[in-house]
Amino acid sequence: MRILIYGGSFNPPHLGHIRSVQTAIDALQPAMTLLVPAAVPPHKALASGSPTAEQRLEMTALAAVEIPGCEASGIEIGREGPSYTADTLRELREQYPDAELIFLMGTDMLLSIESWHDPVYIMAQASLAVFARESGREQEIAAQAVCLRRKYGARVYQLTGQPLEVSSTQVRSLLPRRQGREYLCEGVYAYIIRHRLYEAKPDLAWLRERAYAYLKPTRVEHVRGAETMARALAERWGADSGDAAEAAILHDCTKKLTRDEQLRMCEKYDIIPDKWELENDRLLHARTGAAFAADGFGAPEHIVNAIRWHTTGRPDMTLLEQIVFLADAIEESRKPYPALEAIRKAAFIDLDAATELCLRRTLAFLEEQGEPIHPDTARTREYYLKKLEEKGASPIPWAAQEK
Ligand code: DGI
Ligand code: FE
Ligand code: FE
């Protein structure tokens, strides 16, 4: 029986790893393939801000499901101290006394193997499989294979195939820029975003696809509109338009849930609804949406807060919160309501005046409907009215009975 072993940092595992291991499986036809993330790679330090070893193991398991016959092994992560290949092979040899163990490695590793811990034991216990990372190194590899064979009796399989030109370092540097998704399998990418490893920010096309799945089809147009408006306002007022888009894409992600579902979600996320929210579950989606965006999509605090306060607003909102609050109210597909055009115009002239008018009109609407007014809504309007006064600006004229 052949067992193929592929060790590495897997920080994170990417499509280059998957392509490599698939090539090796096709050539060597092992009965089983193990992806073995190293606990502390002896040959290089992990980048700062790295995930824990357990998280790398979980990501590696998510990558392994993409390849039939492949699984992730915690054999090195469970062990104290640095990960020596020799120790790993010793454990596997005990478990599988009669198997041919084949250790898969990159070119550089083959060239440096004599400097590893106990190379004699490694090459006595395992065959080596190697591919050229860059083309044109076949001769170098062949020469090293001959040398290792002579010195240690090593068996070296030389694999052909074009490896995918991508490295974990490269992927890590792309992720904070909302890029790099194309180098990762879906499960690994979703995991990275959910846990915001490597300071990753979601690719917005990916986020839209994922987030829209939680919306009623009829709400998608509104959320698209809110994103476009949030971006425009972010550009006008100097906020991060990616963050504004991210918050807008997620802002109504729990809107379609029924009252019971909202309440169940409150329980799950330790949200204690107040009496206004209990009476009117329309108010709850801002709180459950914020919690769900954090849990399901790893949204960071400033984005979570923009979602949390998008319905009622709150006094002294951050720029991002104010942008999302207004974008939601004035996006292009909103059904016309009194003062809409005035708020739209004001949003690009004076954010506070626009916020005050938006809240003034909501209060008038709620009063007309005989709906209870949440204290946050009332308090926020008071705050912005006072703020306008203090800066010597007058509120935008508008009477509640105007159409
Ligand atoms: O989720 P959207 O429909 O896109 O917009 P939203 O989250 O701003 O929700 C708007 C609804 O929330 C609207 O029907 C009015 C209602 N609302 C806002 N403030 C209050 C409120 N309802 C009550 N009862 N009390 C409030 O203070
Ligand atoms: Fe909403
Ligand atoms: Fe909305």
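How many nonpolar, polar and charged residues make up the shell around ligand 1? The exercises below concern a predicted model, and the first one starts from this question.

**Exercise 1. Describe the surroundings of ligand 1, from the composition of the shell to individual polar contacts.**

Step 1. Sort the shell by class. There are 4 nonpolar, 8 polar and 7 charged residues around ligand 1.

Step 2. Pick out the residues that come nearest. Of the 19 residues around the ligand, these are Asn280, Arg282, Thr311, His374 and Thr377.

Step 3. List polar pairs involving oxygen atoms of ligand 1. For arginine 334, a polar side-chain atom is 2.9 Å from a ligand oxygen. For histidine 285, a polar side-chain atom is 3.1 Å from a ligand oxygen. Histidine 374 takes part through its backbone: an N or O atom there lies 2.8 Å from an oxygen atom of ligand 1.

Step 4. Consider the cover. On its own, ligand 1 has 570 Å² of accessible area, and the protein covers 89% of it.

**Exercise 2. Identify the protein donors of the iron ion (ligand 2) and place them in the chain.**

Step 1. Name the donor atoms. They are OD of Asp252, NE2 of His285 and NE2 of His310, at 2.1 to 2.2 Å from the ion.

Step 2. Write the spacing. Along the sequence, the donor residues follow D-x32-H-x24-H.

Step 3. Locate two of these donors. Aspartate 252 sits in the loop between α11 (241-250) and α12 (259-268), while histidine 285 belongs to helix α14 (residues 284-297). The two are 33 residues apart, and the pair links distant parts of the chain.

Step 4. Check burial, for which the cut-off is under 20% relative accessible area. Aspartate 252 has 2% relative accessibility and therefore counts as buried. Histidine 285 has a relative accessible area of 4%, so this residue is buried too.

Step 5. Connect this site with Exercise 1. Histidine 285 is a donor to the iron ion (ligand 2), and its side chain also has a polar atom 3.1 Å from an oxygen of ligand 1.

**Exercise 3. Work out the coordination of the iron ion (ligand 3) and state which residue it has in common with the iron ion (ligand 2).**

Step 1. Name the donors. His222 (NE2), His251 (NE2), Asp252 (OD) and Asp328 (OD) coordinate the iron ion (ligand 3) at 2.1 to 2.2 Å.

Step 2. Write the spacing. The pattern along the chain is H-x28-H-D-x75-D.

Step 3. Find the bridge. Aspartate 252 coordinates both the iron ion (ligand 3) and the iron ion (ligand 2), and the two ions are 3.4 Å apart.

Step 4. Place two donors in helices. Histidine 222 is in helix α10 (residues 220-237) and aspartate 328 is in helix α16 (residues 319-330), so the pair ties together parts 106 residues apart in sequence. Both histidine 222 and aspartate 328 are buried.

**Exercise 4. Determine which elements the buried residues of α8 pack against, and examine the backbone beyond the helix.**

Step 1. List the buried residues. In α8 these are Val188, Tyr189, Ala190, Tyr191, Ile192 and Ile193.

Step 2. Give the packing partners. The buried residues of α8 pack against α2 (53-64), α9 and α14. Helix α14 is also where histidine 285 lies.

Step 3. Look past the end of the helix. Arginine 196, just after α8, has a positive phi of about 45°. In the loop between α8 and α9 (204-212) lies glutamate 199, whose phi is near 55°, again a positive value in a residue other than glycine. Glutamate 199 counts as exposed because its relative accessibility is 64%.

**Exercise 5. Describe the contacts of arginine 344.**

Step 1. Place the residue. Arginine 344 is part of helix α17 (residues 340-347), and with 13% relative accessibility it counts as buried.

Step 2. Find its polar partners. A polar side-chain atom of arginine 344 lies 2.8 Å from the backbone oxygen of isoleucine 330. The side chain of arginine 344 also makes a polar contact of 2.7 Å with that of glutamate 341.

Step 3. Set aside neighbours within four places in sequence. The remaining contacts of arginine 344 are Ile330, Glu331, Glu332 and Arg334. Arginine 334 also appeared in Exercise 1, with a polar side-chain atom 2.9 Å from an oxygen of ligand 1.

Note on methods. Residues numbered from 1 in each chain as written. Chains lettered and ligands numbered in written order. Predicted model: local features only at pLDDT ≥ 70, side-chain atom pairs only at ≥ 80, totals over all residues. Heavy atoms only, no water. Donors = N, O, S within 2.8 Å, 3.2 Å for Na, K, Ca; no water. Helix = DSSP H or I, 4+ residues; strand = E, 2+ residues; numbered from the N terminus. Buried < 20%, exposed > 50% of the residue type's maximum accessible area, 1.4 Å probe, protein only. Near = heavy atom within 4 Å. Polar contact = N/O pair within 3.5 Å; in protein donor to acceptor, adjacent residues only side chain to side chain. Areas by Shrake-Rupley, 256 points an atom, 1.4 Å probe, with all protein chains shown as cover. Nonpolar A, V, L, I, M, F, W, Y, C, P; charged D, E, K, R; others polar. Contact = heavy atoms within 4.5 Å.
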